[in-house]
Amino acid sequence: MSLKKVAVAGATGVVGRQMLRVLEDRNFPVASLKLLASERSKGKTLTFKGEEVAVEVLSEDSFKGVDIALFSAGGGTSKKYAPFAAKDGCVVVDNSSAWRMDPEVPLVVPEVNPGDIAKHKGIIANPNCSTIQLVVVLKPLHDAATIKRIVVSTYQAVSGAGSAALAELDAQMRDCLEGRPVQCKIFPHQIAFNCIPQIPQSGAFEDNGYTNEEMKMVNETKKIMGDNSIMVTATTVRVPVHTGHSECVNVETLKKLTADQARELLRKAPGVVVQDDPANQLYPLAVNAQGKYDTFVGRIREDLSHPSALEMWVVADNLLKGAALNAVQIAELL
Ligand code: A2P
């Protein structure tokens, strides 16, 4: 790989910082690195490969001479600035939802649809965190047995809502334990010691009763798998976990797969680790997935209530495979 001039937009955020870590850890061939954030970060520096790099304020001119820009600065920022980057010949890998369902923009998980990258016109979208870990596990099952329907419930970590949300969880934990009233600014309800079935926390419910996050899982799964006939229903829930999304997945296939066959397929799947030994209490856990690049699957069993369906438990680090790692993998493929 030739050396690339790289920019990270949203470098000071929870995902942006992980992007720097992953670029460094995977030894991405960086010729130069530009760190971009809002006015609020003027004067800040971040460390990359042991060197302090000054954070610059994101502007329309930030991408001149840049080859690849990783964006994780919110949908509005991507919508506004990604076209300027693309116009200047820079390829954007965008972690927000701004471009994901645009028919001109590939939505890519490298283990699932790497070929779609070639269709890009300057912007490639990184899928929703919960969708990425779902499709990494489901793709080999779909190839082997054709998935008809997916029923998924998520248990999503607070880091997915950004650094202010993490600070709110920690403050509420302390307040609860020390008997003080909790303050809710980011979440509409207390998140400490609670589960909130509304993601994103500020988003309106759609007319069909689903949240925006749930509809992302429905629509993005079909786009990435390249199969509009797969039926998907999702319930997305925020839980008081720092990092690591967990998912309970029920998958109905056209051809019956036994639990053993599914385990065998998943053991060979790229980016997937099977952790499935109930007798020894081995199954995926958010605390163990934190900091890891793989997606973990366990509790694989045949659905008692259906002749051709499986139940499983899928866990990944939402900041890594769910965001920063997937974006860097796309940049590597580029
Ligand atoms: P800043 O730190 O200057 O606010 P998180 O989701 O963890 O809160 O991070 C959001 C990231 O997106 C941060 O790096 C933040 O920068 C950046 N960001 C948010 N809004 C803008 C904007 N309008 N222009 C540039 N960067 C932005």
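**Ligand surroundings and domains**

Guide: In this predicted model, 15 residues surround the ligand, and the closest are Thr12, Val14, Ser38, Arg40 and Ser41.

Visitor: What makes a residue one of the 15 that surround the ligand?

Guide: A residue counts if one of its heavy atoms lies within 4 Å of the molecule; 15 residues pass.

Visitor: Why is the pair between threonine 12 and the ligand called a polar contact?

Guide: The cut-off is 3.5 Å between N or O atoms. A side-chain N or O atom of threonine 12 is 2.5 Å from a ligand oxygen, so the pair qualifies. Serine 38 has a polar side-chain atom 2.6 Å from a ligand oxygen, and for arginine 40 the distance from a side-chain N or O atom to a ligand oxygen is 2.9 Å. Of the 570 Å² that the ligand exposes when taken alone, the protein buries 71%.

Visitor: Which classes make up the shell around the ligand?

Guide: The shell has 9 polar, 5 nonpolar and 1 charged residues. The ligand takes up the space of the largest pocket.

Visitor: What are the bounds of domain 1 and domain 2?

Guide: The domain assignment gives 4–127 + 324–333 for domain 1 and 131–318 for domain 2. Their centres, taken over C-alpha atoms, are 25 Å apart.

Visitor: How many residues does each domain bring to the contact?

Guide: Domain 1 brings 20 residues and domain 2 brings 18, with heavy atoms within 4.5 Å counted as contact.

How values were computed
Residues numbered from 1 in each chain as written. Predicted model: local features only at pLDDT ≥ 70, side-chain atom pairs only at ≥ 80, totals over all residues. Heavy atoms only, no water. Polar contact = N/O pair within 3.5 Å; in protein donor to acceptor, adjacent residues only side chain to side chain. Areas by Shrake-Rupley, 256 points an atom, 1.4 Å probe, with all protein chains shown as cover. 1 Å grid on protein atoms, 1.4 Å probe; cavity = no way out; pocket = protein on both sides within 12 Å on 5 of 7 lines; lining within 4 Å. Sits in = over half its atoms within 2 Å of the grid points. Nonpolar A, V, L, I, M, F, W, Y, C, P; charged D, E, K, R; others polar. Domains from an automatic or database assignment.
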